[in-house]
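Please look over the notes below with the sequence and the coordinates at hand. They take up a few charged side chains and one polar residue.

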Amino acid sequence: MNDAAFWIDRLDLRPHPEGGYFRETYRAAEHVDAAALPSRFPAPRSFSTAVYFLITADAFSAFHRIRSDELWHFYAGDAVTLAILDAGGEGQLITASLGCDPARDQMPQVVVPAGAWFGAEVAPPGKFALVGCTVAPGFDFADFELGERGALLERYPPHRGAIERLTRV
């Protein structure tokens, strides 16, 4: 199996603000007009976007949220644990395992609903994971919000462990 450095170099991945490494691989040429989108979108958006995304045991994806649904796809490496807060609006924490071993309850695709806080980490004792993320309507950094530890702890106190593990001070 190739290591993280191989994939970072081979796929020309760059550091991402939430942690890990990424490269956009697709952005639809066509757009949806803002008037045709839900009010949470202040401007037109591409129909869809896709990225490669790589995390390591030391470079997790910090809690963040976006205004679109995000579909995660597993490609290579070790399984990923996704922590999804408030997907149903009731303050619940849902964990999903992204990988290719259904005997270990891993799924090759996981959907994160629009507006849910979520973070991801390589499942221990793993070293890295290469995944893909597809967003529709397409990703725009104007729709991205990085979670702040204090605010998340105040809103979701029962989930302190996940919040402290998947945020940066």
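1. Arginine 45 is buried, because its relative accessibility is 4% and the cut-off for buried is under 20%. Keep in mind that this is a predicted model.

2. Which side chain does arginine 45 meet in a salt bridge? The partner is aspartate 140, with 3.7 Å from N to O. This pair links distant parts of the chain, the two residues being 95 residues apart. Arginine 45 belongs to strand β4 (residues 45-46), while aspartate 140 sits in the loop between β12 (128-136) and β13 (145-146). Aspartate 140 has a relative accessibility of 28% and counts as partly exposed.

3. A salt bridge also joins the side chains of arginine 67 and aspartate 143, at 3.1 Å from N to O. Here too, distant parts of the chain are linked: arginine 67 lies in the loop between β6 (61-65) and β7 (69-77), and aspartate 143 in the loop between β12 and β13, 76 residues apart.

4. Is each member of this second pair buried or partly exposed? Arginine 67 is partly exposed, with a relative accessibility of 28%. Aspartate 143 is buried, at 5%.

5. The two pairs should be read together. Arg45, Arg67, Asp140 and Asp143 are linked in a network of salt bridges. Within it, the arginine of one pair, Arg45, is buried, and so is the aspartate of the other, Asp143.

6. Serine 68 is found in the loop between β6 and β7, the loop that also holds arginine 67. With a relative accessibility of 2%, serine 68 counts as buried. A polar atom of the serine 68 side chain lies 2.8 Å from the backbone oxygen of proline 137.

7. What does serine 68 contact, once its neighbours within four places in sequence are left aside? The residues are Phe41, Val112, Pro113, Ala114, Val135, Ala136, Pro137 and Gly138. Proline 137 thus appears in this list as well as in the polar pair with serine 68.

8. How many salt bridges does the structure hold? There are nine. One of them joins the side chains of arginine 14 and aspartate 12, at 2.7 Å from N to O. Arginine 14 is partly exposed, at 47% relative accessibility, and aspartate 12 is partly exposed at 37%.

Technical notes: Residues numbered from 1 in each chain as written. Predicted model: local features only at pLDDT ≥ 70, side-chain atom pairs only at ≥ 80, totals over all residues. Heavy atoms only, no water. Salt bridge = Lys/Arg side-chain N within 4 Å of Asp/Glu carboxyl O. Buried < 20%, exposed > 50% of the residue type's maximum accessible area, 1.4 Å probe, protein only. Helix = DSSP H or I, 4+ residues; strand = E, 2+ residues; numbered from the N terminus. Polar contact = N/O pair within 3.5 Å; in protein donor to acceptor, adjacent residues only side chain to side chain. Contact = heavy atoms within 4.5 Å.
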